[in-house]
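Reader: I'd like to learn how to read a helix in a model like this one. Can we go through it together, feature by feature?

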Amino acid sequence: LLQWEFPTKTTFFLAVGVLACVLIIQNKYYPATIQPGHSSEKTIARVLSYTCIFPIATATIAVIQRISEYGITPSRFTALASCIFLCIITILNCIPKIILSKYVAIIFCAILTVSLVGPFSETNITRNVWLKNIEKTLVSEGYTAYPLSEKDTKKFFSDLWDKDGRKASIV
């Protein structure tokens with residue numbers, strides 16, 4: 001699964017669409033699920049809760065694959081947080097004794113808080129990754145004294161642009 005080639009956003013939006021459709025259909029069957037006894041509607045609702053697992057897992061794998069190949073960006077971090085939220089909701093949806101509506105807002109607020117505040121926030125993670133990449137590039141170019149002087153900074157950027165075959169216009 002980790003070696004599949006996924007389109008950029010198609011898998012994620014397909015998984016969200018499937019989950020939304022299943023939740024809408026399950027809402028129709030919700031009164032049947034809380035009634036005692038066995039019925040076909042209860043079986044349909046139970047089967048629908050398991051059909052969400054594959055698209056959500058596929059979307060999560062696609063996002064993780066993008067992050068491992070191209071690095072983390074704010075949009076990939078948001079997509080990963082959304083996939084984690086959807087995975088938790090899907091797993092809770094498969095447990096028959098849990099009323100999902102009680103936990104959706106709590107889980108959403110918890111993931112939102114973790115991804116916006118503290119050491120695991122989107123800005124901290126992306127900033128740290130970018131700074132490490134810049135430092136690694138500086139070391140590979142032979143710069144060891146920090147911070148760089150204005151002259152060294154201009155030379156560093158000019159060398160990078162020259163390696164790319166472009167002309168640098170640094171004022």
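Author: Let's start with packing. This is a predicted model, and in it the buried residues of H5 pack against helix H4 (74–94) and helix H6 (122–140).

Reader: Which residues of H5 are buried?

Author: A residue is called buried when its relative accessible area is under 20%. In H5 that applies to Ile107, Ile111 and Ser115. Looking down the axis of H5, you find these buried residues within an arc of 55°, so they line one face of the helix.

Reader: And what is exposed on the other side of H5?

Author: Lys102, Ile106 and Leu116 are exposed there. Take Leu116, which belongs to helix H5 (residues 101–116). Exposed means over 50%, and Leu116 counts as exposed because its relative accessibility is 54%.

Reader: Which residues make the nonpolar surface patch with Leu116?

Author: Phe108, Leu112 and Val117 join Leu116 in a nonpolar patch of about 390 Å² on the surface.

Reader: How do I check the length of H5 against its residue count?

Author: Use a rise of 1.5 Å a residue: the 16 residues of H5 should then span 22 Å, and the end C-alpha atoms lie 23 Å apart, which agrees. You can run the check on H3 (residues 53–70) too: its 18 residues should span 26 Å, and its end C-alpha atoms are 26 Å apart, so that agrees as well.

Reader: What about burial in H3: which residues are buried?

Author: The list for H3 runs Pro55, Ile56, Thr58, Ala59, Thr60, Ile61, Ala62, Val63, Gln65, Arg66 and Ile67. Notice that Arg66 and Gln65 are among the buried residues of H3.

Reader: Now the helix ends. What follows H3 and H5, in terms of phi?

Author: Look for a glycine. Gly71 sits just after H3 with a positive phi of about 95°. After H5 comes Gly118, and its phi is also positive, near 95°.

Reader: Let's zoom out. How many helices and strands does the protein chain have?

Author: Seven helices and zero strands, so to speak α-α-α-α-α-α-α when you read along the sequence.

Reader: And what do the totals for the protein chain look like?

Author: Of its 171 residues, 27% are buried. The accessible surface comes to about 11800 Å², with 67% of that belonging to carbon and sulfur atoms. For contacts with a separation of 6 or more, 52% involve residues 24 or more positions apart.

Methods:
Residues numbered from 1 in each chain as written. Predicted model: local features only at pLDDT ≥ 70, side-chain atom pairs only at ≥ 80, totals over all residues. Heavy atoms only, no water. Patch = residues over 30% accessible without salt bridge, like charges linked within 9 Å, V, L, I, M, F, W, Y side chains within 5 Å. Areas by Shrake-Rupley, 256 points an atom, 1.4 Å probe, with all protein chains shown as cover. Salt bridge = Lys/Arg side-chain N within 4 Å of Asp/Glu carboxyl O. Helix = DSSP H or I, 4+ residues; strand = E, 2+ residues; numbered from the N terminus. Buried < 20%, exposed > 50% of the residue type's maximum accessible area, 1.4 Å probe, protein only. Contact = heavy atoms within 4.5 Å. Expected span 1.5 Å × (residues − 1). Arc of directions from axis to C-beta.
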